[in-house]
Amino acid sequence: MDCAACTSGIDHCHGTLVVHPDGGYSECTDVECSGLDRVRHALIIDCQTVQGGCGCVDTDADESSDGLLRAS
């Protein structure tokens with residue numbers, strides 16, 4: 001099966017963009033990704049949804065008194 005964006009010549013990435021909101025940066029799961037713009041990625045996730053978690057944020061420090069994480 002051919003990718004429609006590839007066939008059309010549209011600049012895009014097949015990887016997943018992992019956004020680190022508190023770290024102020026993003027990274028892509030595709031090692032050949034040439035740009036981290038959101039518009040190039042069909043799949044975008046928050047780093048805290050990655051299996052095993054992400055070490056960029058100390059979630060204990062970010063919890064409010066009711067045990068819920070603060071919205072960013």
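Start with the sheet in this predicted model: three strands make up an open sheet, ordered β2-β1-β3, with mixed pairing. Colour the strands separately and look at the edges, which are β2 (25–28) and β3 (41–46), each pairing on one side only. Turn the view to look across the strands, and you'll see a twist that averages 25° from one strand to the next.

Next, select β1, residues 13–20, together with β2. These two run antiparallel and are joined by four bridges. As a reminder, strands of a sheet pair through backbone hydrogen bonds, either parallel or antiparallel. For one bridge to zoom in on, pick V19 and find its partner in β2, S26.

Now follow the chain around the turn. β1 and β2 form a hairpin, with four residues between them. Click on G24 in that turn: its phi is positive, at about 75°.

Last stop: recolour everything by pLDDT. The protein averages 81, and 78% of the residues score at least 70. Then select residues 60–72, where the pLDDT is below 50. Beyond near neighbours in sequence, this stretch has 10 contacts in the model. Go easy on those, because predicted coordinates should not be read in detail where pLDDT is low.

How values were computed:
Residues numbered from 1 in each chain as written. Predicted model: local features only at pLDDT ≥ 70, side-chain atom pairs only at ≥ 80, totals over all residues. Heavy atoms only, no water. Pairing = 2+ DSSP bridges. Axes fitted to C-alpha atoms, helices over the stretch in contact; angles between N-to-C directions. pLDDT = per-residue confidence, 0-100. Contact = heavy atoms within 4.5 Å.
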